[in-house]
Amino acid sequence: IIKILLNNLKMEARLFVELLSNIGVVQVHTNGEIISVTNSDKFKSDIGNQITITYNGQSEIYKLPFEVILNEDVTKNLKVNNKTLRCKYIINRLVKPDMDDLITKRDSCSKSQLTKVLKNDDNGFLTVNCFNCIVELFRIDKNFPRMLELPDENWREMMDLWHCHKPDIKKDNPKNISLDQIFSNKILPKYDNLLIGDSYYLINTNLFTKDLKITNSKVHCYNCDKLLGSVYNVNDEHTTCKILKQKVVITNSNSKIDIKYEIYDYLTLTILKSIKNFGSRFFTVKSKKQANSGQVLLIWCFDYGLSIGINDVKLDNRLKIMYQNLDENDTNDKQNLQDLEHKHNFEEIILEDEDLEQLGAFEMVINYIEKINKSVVFDKSANIKESWKLSYI
């Protein structure tokens with residue numbers, strides 16, 4: 001998606017389309033002038049599916065990502081404002097997607113998504129490859145004993161909310177044991193199991209196609225030496241590795257399907273789970289690698305499950321956000337952040353990046369959000385007081 005957006009930014013004429021599903025409206029924005037909305041099918045005169053835009057004297061035709069109703073309102077709107085257009089969506093109103101269903105759809109590497117791809121594969125296996133050199137690391141096939149999803153990474157916090165009276169466990173001595181101590185043991189995969197976490201896989205070394213390189217508890221690709229993750233647990237029988245999802249690419253047996261997990265997917269899923277479990281809409285995003293830098297990405301998520309179009313690209317199940325890039329070492333930024341935290345329930349998201357040689361996860365998220373902002377914003381009215389900026393993730 002990033003590559004496509006970069007190409008879009010190089011084009012002169014730009015088009016952004018948003019589906020307001022709750023009211024059955026399609027909103028169109030462009031940096032050029034909208035000339036007409038028409039239908040490529042001559043037998044459907046009341047439905048529009050393409051739009052003509054002029055920019056610097058040149059005409060460009062785009063296919064609309066959503067079909068709209070062509071009526072008098074569309075004609076009137078064209079005469080009023082040639083840069084924006086409001087149309088009625090052909091399907092009218094849509095029900096907002098279920099949160100659990102939305103979380104599953106946004107996680108391309110979840111157990112359910114992998115099982116679905118595996119079931120539809122002709123040869124019945126998927127290969128998990130190094131993201132850098134695409135060499136095979138291990139396989140998932142229909143004979144794979146078990147794939148299991150790990151609990152949400154915030155399960156301790158959720159359990160703390162659910163318990164009015166915290167349970168205590170007493171041993172022979174009268175000392176009470178805290179919940180943290182009770183659940184401090186690591187969840188480990190059995191010898192031939194694969195455990196799937198929010199942003200990583202837990203897998204034992206016996207299942208790798210070829211032994212990976214392990215140095216100072218870091219796990220590297222045996223072919224190109226790129227970092228893949230870390231050692232999670234060691235015992236007498238085998239070593240368990242934590243392989244980061246963003247460090248691998250999953251393909252089907254014919255290499256026709258690429259399943260990739262980006263750092264922005266992790267951010268999106270974390271936000272969705274926080275909205276579901278805690279009702280939070282404000283988030284501070286920080287980098288573990290740059291803990292003392294003071295850089296903070298402030299996110300206000302005010303809608304989810306949206307579908308948008310950027311030029312010829314359609315993106316479904318997006319979050320609509322406003323954001324600010326702040327510096328906690330700056331007095332004004334720090335005060336503004338503290339004022340907001342007094343008024344709203346905040347959740348903190350820490351982005352981990354174990355590969356210090358690569359562009360950090362925090363920088364990647366910032367770049368992605370900024371690219372989307374430049375693709376969908378054509379005037380200052382889309383921002384709030386020039387401090388909050390609009391984007392989608």
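Let's start with a charge above a ring: Arg139 lies over the face of Phe125, at 4.1 Å from the ring centre. Lys242 sits over the face of Tyr200 as well, here at 4.6 Å from the ring centre. Please keep in mind that this is a predicted model.

Now to rings that meet other rings. The count comes to 9 aromatic pairs. Tyr264 and Tyr368 form one of them: with centres 4.0 Å apart and planes at 10°, this pair is stacked, because planes under 30 degrees apart count as such. Tyr264 belongs to helix 7 (residues 263–278) and Tyr368 to helix 9 (residues 361–376), so their contact ties together parts that are 104 residues apart in sequence. Both Tyr264 and Tyr368 are buried.

Phe282 and Trp300 make a stacked pair too, since their ring centres are 5.7 Å apart and their planes are at 10°. Distant parts of the chain are linked here: Phe282 is in strand 20 (residues 282–287) and Trp300 in strand 21 (residues 295–310), 18 residues apart. How buried or exposed are these two partners, Phe282 and Trp300? Phe282 has 8% relative accessibility and so counts as buried, whereas Trp300, at 26%, counts as partly exposed.

Here are the two stacked pairs in brief:

| Pair | Centre distance | Plane angle |
|---|---|---|
| Tyr264 and Tyr368 | 4.0 Å | 10° |
| Phe282 and Trp300 | 5.7 Å | 10° |

Phe282 and Trp300 also have further company: ring pairs join them with Phe302, Phe346 and Trp388 into a cluster.

Terms used. Residues numbered from 1 in each chain as written. Predicted model: local features only at pLDDT ≥ 70, side-chain atom pairs only at ≥ 80, totals over all residues. Heavy atoms only, no water. Phe/Tyr/Trp six-rings, centres within 6.5 Å; stacked < 30°, edge-to-face > 60°. Helix = DSSP H or I, 4+ residues; strand = E, 2+ residues; numbered from the N terminus. Buried < 20%, exposed > 50% of the residue type's maximum accessible area, 1.4 Å probe, protein only. Lys NZ or Arg CZ within 6 Å of the ring centre and 35° of its normal.
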